[in-house]
Amino acid sequence: MKTYILLFAMLFVSHSYAQKEKTIFKLKPSQNMLMTGKGPGQDGAINPYTDRNSIAIVENVGKNEFSIRLQYEGKVVRTVALAAGKTTKVGLPKGSQLYFDTEAETTVKLEFIDGLN
């Protein structure tokens, strides 16, 4: 019985850790994906710094270029094309939305850091 409890606890911990570290997204052709900025249930990624300025570190680990779109109050503030194999940092002001737009299938790694307000 102790073995089952230990096994269950280990599975729970590893599952929770895996969810926390899930930062890789596969984008399908002609897809526009909201990554962050609209809130729980709408965002593709969880930005732990939504209550202040933050920085998104975006890495294109796929084989095709895609675009990063930053919007604030419904207006496009910045658009950046990111080639395959490249990484960039995008400043995210509090209240902004981050989108990924692609015409071809690609894979993106995303993480957030504090914007040091």
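This passage describes the strands, ring contacts and salt bridges of a predicted protein model.

The model is predicted, and local features were accepted only at pLDDT of at least 70, side-chain atom pairs only at pLDDT 80 or more, whereas totals for chains, interfaces and linings use all residues. Residues are numbered from 1 along each chain as its sequence is written, and side-chain values rest on heavy atoms, with hydrogens and water left out.

The secondary structure of the protein chain consists of one helix and eight strands, where helices (H or I, at least four residues) and strands (E, at least two) are DSSP runs numbered from the N terminus. Along the sequence, these elements follow the pattern α-β-β-β-β-β-β-β-β. Of the 117 residues in the protein chain, 32% are buried, a class defined as under 20% relative accessible area, with exposed meaning over 50% and partly exposed lying in between (1.4 Å probe, protein chains only). Among contacts (heavy atoms within 4.5 Å) between residues at least 6 apart in sequence, 70% join residues at least 24 apart.

An open sheet is built from four strands in the order β1-β8-β3-β6, and its pairing is antiparallel; two strands are taken to pair if DSSP finds at least two bridges between them. The edges of this sheet are formed by β1 (24-27) and β6 (87-92), each of which pairs on one side only. From one strand to the next, the twist averages 30 degrees, with axes given by lines fitted to C-alpha atoms (for helices over the stretch in contact) and angles running from 0 to 180 degrees between N-to-C directions. In general, the strands of a sheet pair through backbone hydrogen bonds, in either a parallel or an antiparallel sense. The edge strand β1 pairs with β8 (residues 106-114) in the antiparallel sense over four bridges, and K26 stands opposite T107 in β8.

The structure holds one aromatic pair, the criterion being that ring centres of Phe, Tyr or Trp (its six-membered ring) lie within 6.5 Å, with planes under 30 degrees apart counted as stacked, over 60 as edge-to-face and the rest as tilted. This pair is formed by F66 and F100 in an edge-to-face arrangement, with 5.2 Å from centre to centre and 70 degrees between the planes. Because F66 belongs to strand β4 (residues 66-72) and F100 to strand β7 (residues 96-102), the pair ties together parts that are 34 residues apart in sequence. Both rings belong to buried residues, the relative accessible area being 1% for F66 and 0% for F100.

A further ring contact involves Y99, which is placed in strand β7 and counts as buried at 14% relative accessibility. R69 lies over the face of Y99, at 4.2 Å from the ring centre; a charge is assigned to such a position if NZ of Lys or CZ of Arg is within 6 Å of the ring centre and within 35 degrees of the ring normal. When residues up to four places away in sequence are not counted, Y99 touches M33, L34, M35, K38, S67, I68, R69 and Q71. The C-alpha atoms of Y99 and L70 are separated by 6.4 Å, although these residues are 29 residues apart along the chain.

A search of the whole structure identified three salt bridges, each defined by a side-chain nitrogen of Lys or Arg within 4 Å of a carboxyl oxygen of Asp or Glu. R69 also takes part in one of these, with D101, the closest N and O atoms being 2.8 Å apart. Since R69 lies in strand β4 and D101 in strand β7, this salt bridge ties together parts that are 32 residues apart in sequence. R69 is buried, with a relative accessible area of 17%, and D101 is likewise buried, at 16%.

D51, R52 and D114 are linked in a network of salt bridges. Within this network, the side chains of R52 and D51 meet at 3.0 Å, N to O, while the closest N and O atoms of D114 and R52 are 3.4 Å apart. D114 lies in strand β8 and R52 in the loop between β2 (31-36) and β3 (54-60), so the pair ties together parts that are 62 residues apart in sequence. The three members of the network are partly exposed, with relative accessible areas of 49% for D51, 27% for R52 and 26% for D114.
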